[in-house]
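Hi,

Here is the structure I promised to pass on to you. Have a look at it first, and then read on for what I found in it.

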Amino acid sequence: NEDDYIQLLKQGNSSFEAKSRIREYHNDMCRRFGVPTEFWDTYDPKYFNDNKCDLNLAKDALSRLDGVLLLEHSRNMFDKIEKSLGFKSGEGPRKAAKNKSKNPGYLKLKEELQQLIRELNQDDLQLYMWAAGNQR
């Protein structure tokens with residue numbers, strides 16, 4: 001229920017229970033790459049206990065990867081992957097994906113919930129924009 005999520009997100013870091021339940025909605029991508037851990041493991045206590053993201057550390061971690069796949073650019077990324085594996089463009093194995101999610105999608109959520117999600121994910125948005133601008 002969207003109203004339950006709204007109340008949960010409004011609680012923020014006020015309690016351990018709220019903190020543990022909202023961590024996946026709170027700059028998850030930035031915290032995953034911007035917390036100094038050996039592995040990008042959501043079970044690592046550093047990931048869980050540190051709700052803050054180090055945006056520069058996250059950018060550095062992503063920049064050291066061979067590639068970052070963004071769904072909006074998947075056609076381009078598949079072409080690059082195929083080329084690196086020696087396939088001609090469009091020759092590699094592909095399977096059409098069909099979205100089976102029951103999730104109504106962000107734009108169909110209540111405006112209040114959309115606003116809370118945007119507020120909680122400002123670092124993720126900045127990291128995404130940086131990564132999208134640095135596609136190689």
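The protein has eight helices and zero strands, so if you trace the chain from start to end, the pattern you get is α-α-α-α-α-α-α-α. Keep in mind that this is a predicted model. Of the 136 residues in the protein, 28% are buried. If you take the contacts with a separation of 6 or more, 55% of them join residues that sit 24 or more positions apart.

Now to how the helices pack. Two packed helices are described by the angle between their axes and the distance between the axes. Try helix α5 (residues 55-63) and helix α8 (residues 122-133) to begin with: their axes are 10 Å apart and the packing angle is about 35°. The crossing of α5 past α8 is right-handed. On the α5 side, the contact uses L55, A58, K59, L62 and S63, and on the α8 side D123, Q126, L127, W130 and A131. Sorted by type, the residues of this contact come out as six nonpolar, two polar and two charged.

The other pair to look at is helix α1 (residues 2-11) with helix α7 (residues 111-120). Their axes come within 10 Å and cross at roughly 35°, and this crossing is left-handed. Here E2, Y5, I6, L9 and K10 of α1 meet E112, L113, L116, I117 and L120 of α7. The contact of α1 with α7 is made up of seven nonpolar residues, no polar ones and three charged ones.

Next, the inside. In soluble globular proteins, nonpolar side chains tend to be buried together. Which residues make up the largest nonpolar core here? There are nine in all: C30, F33, C53, L55, A58, A61, L62, L127 and A131. At least two of them come from each of α3 (28-34), α5 and α8, and α5 gives the largest share, with four residues. There is also a second, separate core of six residues, and L9, L109, L113 and L120 are among them.

C30 is a good place to zoom in on the largest core. Not counting its neighbours within four places in sequence, C30 is in contact with V35, C53, L55, A58, D123, D124 and L127. One of those partners, V35, lies in the loop between α3 and α4 (45-49). Is V35 buried or exposed? It is buried, because its relative accessible area is just 4% and the cut-off for buried is under 20%. The C-alpha atoms of V35 and K52 are 8.2 Å apart, although their positions lie 17 residues apart along the chain.

N27 is another loop residue to click on, this time in the loop between α2 (16-22) and α3. N27 counts as buried because its relative accessibility is 6%. Leaving out neighbours within four places in sequence, N27 is in contact with L120, N121, Q122, D123 and D124.

Last, the charged pairs. Side chains of opposite charge can pair when their charged atoms come close. How many salt bridges does the structure hold? It holds four, and here are three to find on your screen:

- R32 and D28 meet through their side chains, at 3.0 Å from N to O. They are four residues apart in helix α3, so about one helical turn separates them. R32 is partly exposed at 25% relative accessibility, while D28 is buried at 18%.
- D60 pairs with R64, and their closest N and O atoms are 3.2 Å apart. D60 is partly exposed, with a relative accessible area of 36%, whereas R64 counts as exposed at 58%.
- R118 and E111 form a salt bridge at 2.9 Å, N to O. R118 is partly exposed at 31%, and E111 is partly exposed too, at 48%.

If you want a route through it, start with the α5 and α8 pair, then colour in the nine core residues, and finish with the salt bridges.

Cheers

Technical notes
Residues are numbered from 1 along each chain as its sequence is written. This is a predicted model: local features need pLDDT of at least 70, side-chain atom pairs count only at pLDDT 80 or more; totals for chains, interfaces and linings use all residues. Side-chain values use heavy atoms; hydrogens and water are left out. Axes are lines fitted to C-alpha atoms, for helices over the stretch in contact, and angles run from 0 to 180 degrees between N-to-C directions. Helices (H or I, at least four residues) and strands (E, at least two) are DSSP runs, numbered from the N terminus. A crossing is left-handed if the near helix is turned anticlockwise from the far one by less than a right angle, and right-handed if clockwise. Contact means heavy atoms within 4.5 Å. Ala, Val, Leu, Ile, Met, Phe, Trp, Tyr, Cys and Pro count as nonpolar, Asp, Glu, Lys and Arg as charged, and the others, Gly among them, as polar. A nonpolar core is a set of buried Ala, Val, Leu, Ile, Met, Phe, Trp, Tyr and Cys residues joined through side-chain atoms within 4.5 Å. Buried means under 20% relative accessible area, exposed over 50%, partly exposed in between (1.4 Å probe, protein chains only).
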